[in-house]
Structures are given as C-alpha cells and as structure tokens.
Amino acid sequence: MSAKNDKIPDALKENILMESADINDLKNEINNEDIGIEIKGIDYTKEESIDMKATDLVKAMKSMGFQASNLGKACEVIDKMRSWRGEEYKDLPEDQRKGSFEINEDGSKGRQRTTIFMGYTSNLISSGTRETLVELARNKYVDCIVASAGGVEEDIIKCLAPTFLGDFELKGAMLREKGLNRIGNMIIPNDNYCKFEDWIVPILDQMLIEQEEHVAKTGAECNDAVFDKELPPWTPSKFIRRLGKEINDESSLLYQCYKNDIPIFCPGLTDGSIGDMLFFHTFKSSPQQLRIDLVSDIRAINSMSMESSKAGMIILGGGLIKHHINNACLMRNGADFAIYINTGQEFDGSDAGARIDEAISWGKVREDAMKVKIYSDVTLVLPLIVAATFKNGKKLEYWK
Ligand SMILES: NC(=O)c1ccc[n+]([C@@H]2O[C@H](COP(=O)([O-])OP(=O)(O)OC[C@H]3O[C@@H](n4cnc5c(N)ncnc54)[C@H](O)[C@@H]3O)[C@@H](O)[C@H]2O)c1
C-alpha cells in the first residue's frame, strides 16, 4: 500500500486495494504453463511484422488473449500431437505391434506415432476448407476421418460441378424459383445433384450385384464381419472408399483417402443426398436392396482407437462428427490430445457446444491431455493452423 493511501478507511483497503498474489503462484497452483504470459500484440514497427508468415503470426497471436491465444495454443498442441514418437516397431512384442507407425524409407514400420482422428461437418467440404482437408489426406497427416453425409457427397459433387459464392442475404423463395440452393453465403445449383445422381446410380447398381454375388457365394456366412475394405458386406466406410476409388480425381478428399487408405466413417450416411439416392434405388432394385452395415464400422473405428499408442483429435465443427470421435476415444480411456474448433456454446447442454472438460468427465479425453477449444468459424482459422503446423516446412522435433 502506498503512503498516498494511508488515510483510506481500513475496510476499503481490505476490500478494494487488497494486494495481489504473485501470478507465478497461480501458474503453479493451476499447473498451466500459459498462465502469466504477458499480454502483447504484434509490433508493427518491426520489419519482421510486414507480410508475416503463418508460423510467426500465430506465435505472436498466442500472447494476444481470447481466441487468438487459443489459436496459438492449438498450433502448439497439434505440433506435439504429430511429433510424438514411441517405440520402434521391431522392438515391440508381437501383441503390441498395433496402432500407427512412421514408415521408413524402405517401406518398413518405424516408431510408434499418434493416431490422429479428424472430424468435419458437411458445410466445410462445401466451402474452400475442402482443399485444406484434401492436403491433410494427400500427405497422410491424419489416420481416420469422421464426416456427416453431406461431407461425403459434396466432395464428389464438387468434382462434377462447381459450388459458387453467393450471399447470406439472398432470399430463399427467389433462389427456390431459380433452382439454386444456399449454404450460408454459398450457392449450389440443383443441377449439381442431378449430375450426382447420374454418377452414383450405376455404382449403386454394381455394388448391389457384388453384394448379391457375395451372398450367393458365402451363404449363411454372408453377414460375417469380414473387413475386406473392397468387398461386401458393405459398411458406410467401405461405401465411401468405393466412391473415392470411382471418382478417381486428385482434387477429391474421398479419392485421397482411398489412395492413402484413410478410412472415412459416417454413421449418418443416409442423412443427405446419398440417402435420397439410396431411397430411390430401393424402387429401382426391388425386390433386392443394397444393405449397409453400421456394426462392422463401429467395430472398425473403436478398434482403431483401442489400438492407438496415443490418440489425437482434431474436430472441426460439432454434432455427430464430434461425438463419434469422442466416443471412439472412450474405448481407450480418452484421447491424449484434443483440438475442438467450433461455434457451439455449452449453456444449452448440447454435445455440439460441450467443452473438452465435459468430455473428460466421460472418459473421452484424458485429464492430462494437451487440449484446447477454439471458438471460431473453422474457415477462418483452419488454413492458418495448417500453414503454421503441418505445412510449416520445418523438420519435426520428435519427443517421447
Ligand atoms: N452441406 C451441408 O451442410 C449438408 C449437405 C447435405 C446434408 N447435410 C446434412 O445436414 C446434417 C447436419 O450437418 P452436420 O452434421 O455436418 O453439421 P451442422 O451443419 O449441423 O453443424 C453442427 C455444429 O457444428 C458447428 N459448426 C458448423 N459449422 C461450423 C463452422 N464453419 N465453424 C465452426 N463450427 C461450426 C456448430 O456448432 C453446429 O451446431 C448432416 O446429417 C448432414 O449430412 C448437410
């Protein structure tokens, strides 16, 4: 208390002018190394602040506060997630040779690495976020993807016809008259879905033939959960893999995942245009019908989680895709790294808005996980994050 204040009544001294604890004591008490960083923004008088690189920008934003700090933290967590290395494959006992490994130049398996589960909502594939996701799959930076139905079909549709920038303000009735559909400030012509139908129906026909041949060949065992990725019984992930193979287009996320053997799980496969196509197909194929088995897929994704040496989540948006990854990670007592990027709020009790701390209570994320939620539109932050982490051009410094 300064001498200037010695005439102030004691009650005021105690209640208002009370002395502060040392910020480092709080840092140690909470065990959070970010507490106590001095709040500072970018110093634009410095030459290095002109036309900044993503890595420098994100690093500088870490000390800005609010979501800028969460963005900086997310990049640190992603770098930790992708640079963890465990034991050499060859040194592991037979029963522990599971999960994700780095691949040596000669094609053999090297050290254990984090299995990265990524989820995204449908609108993100409709947006230009698609190209960022394609890059992640093209380089095999992620191991497993969960999408909603729109996130599957819109990827294929974009190979057949473009999506356009529109405006949030365009009137629904006016667009309806013109056969144009709006997703936020983007426009997708109805014709795109007609092209999708023309493209997918012959594939559905062929998959039905293959299914019936499989049934005839295997008889009573036709429904056994054999997980040959190319053969019936079909599951959502095998169905999506087949679409990726058939589209055969480098710009497609599904194609890159097919090429790199990254499974895309979609437990809500029928909730979109694909569902419409499958519905129409039942009339065409009657009395036969395509069958898609969800149980084999839940076994597949949960097994991936259980086998992972370390598990990381990068969840873009909320809803089904967020929960499906979290639930899979419950099978291994929680993820070791968790990044949520979404606009959801928790006050309504929704899973979409639930913070990572709620997932910890369920055992879906570990208490000691490295984690952060960014409250933001994914389109704003994901390109920055990927530029500053996966695509920063720097050699990874491994840690164990
Ligand atoms: N293009 C499309 O959006 C499209 C197309 C066809 C079908 N559908 C179907 O609509 C249903 C609902 O779609 P969904 O499950 O993909 O997600 P959704 O659009 O319902 O979003 C779920 C939650 O994710 C968060 N979120 C969404 N977009 C975000 C963004 N840009 N940035 C940050 N957070 C964001 C929000 O919290 C939101 O409540 C699905 O079954 C899907 O198949 C969507």
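**Exercise 1. Two helices side by side**

At what angle do helix 6 and helix 16 pack, and how far apart are their axes? Find the residues that make the contact, too.

*Solution.* The model is predicted. Step one: describe the pair. Two packed helices are described by the angle between their axes and the distance between the axes. Helix 6 covers residues 129–138. It packs with helix 16 at an angle of about 35°, and the axes are 10 Å apart. Step two: give the hand. Helix 6 and helix 16 make a left-handed crossing. Step three: list the contact. Helix 6 brings Thr129, Thr132, Glu135 and Leu136. Helix 16 brings Val378, Thr379, Leu382, Pro383 and Val386. Step four: sort by class. The contact has five nonpolar, three polar and one charged residues.

**Exercise 2. A second helix pair**

Work out how helix 9 lies relative to helix 12: parallel, perpendicular or oblique?

*Solution.* Step one: locate the helices. Helix 9 spans residues 190–218, and helix 12 spans residues 273–285. Step two: read the geometry. Their axes come within 10 Å and cross at roughly 55°. Step three: classify. Because of that angle, helix 9 is oblique to helix 12. The crossing is right-handed. Step four: look at the residues. From helix 9 come Tyr193, Phe196, Glu197, Ile200, Val201, Leu204 and Leu208. They meet Ser273, Met277, His281 and Ser285 of helix 12. By class, this contact has seven nonpolar, three polar and one charged residues.

**Exercise 3. The six-stranded sheet**

Give the strand order of the open sheet of six strands, and name the helices that pack on it.

*Solution.* Step one: write the order. It is 9-5-4-10-11-12, with parallel pairing. Step two: find the edges. They are strand 9 (264–265) and strand 12 (365–375), and each pairs on one side only. Step three: check one pair. Strand 4 (residues 115–120) and strand 5 (residues 144–147) are parallel, with four bridges. In this pair, Tyr120 stands opposite Ala147 of strand 5. Step four: add the helices. Helix 4 (residues 66–83) touches strand 4, strand 10, strand 11 and strand 12. Its direction makes about 135° with that of strand 12. Helix 16 touches strand 10, strand 11 and strand 12. The direction of helix 16 makes about 135° with that of strand 11.

**Exercise 4. Antiparallel strands**

Describe the open sheet of three strands, then the hairpin of strand 7 and strand 8.

*Solution.* Step one: take the sheet. Its order is 1-3-2, with antiparallel pairing. Strand 1 (85–88) and strand 2 (100–103) are the edges. The twist averages 40° from one strand to the next. Three bridges join strand 2 to strand 3 (residues 109–113). Phe101 has Gln112 of strand 3 as its bridge partner. Step two: take the hairpin. Strand 7 (residues 180–183) runs antiparallel to strand 8 (residues 186–189), and four bridges join them. Arg182 stands opposite Ile187 in strand 8. Two residues lie between the strands. In the turn, Gly184 has a positive phi of about 60°.

**Exercise 5. Around the ligand**

How many residues surround the ligand, and which helix gives the most to the shell?

*Solution.* Step one: count. There are 24 residues around the ligand. The closest are Thr121, Ser122, Gly150, Gly272 and Gly344. Step two: trace the elements. Helix 5 (122–126), helix 7 (149–160) and helix 16 (378–388) each give two or more residues. Helix 7 gives the most, with four. Step three: sort by class. The shell has five nonpolar, 16 polar and three charged residues.

Notes
Residues numbered from 1 in each chain as written. Predicted model: local features only at pLDDT ≥ 70, side-chain atom pairs only at ≥ 80, totals over all residues. Near = placed C-beta within 6 Å. Nonpolar A, V, L, I, M, F, W, Y, C, P; charged D, E, K, R; others polar. Axes fitted to C-alpha atoms, helices over the stretch in contact; angles between N-to-C directions. Parallel < 35°, antiparallel > 145°, perpendicular 65-115°, else oblique. Left-handed = near helix turned anticlockwise from the far one by under 90°. Contact = placed C-beta atoms within 7 Å. Pairing = 2+ DSSP bridges.
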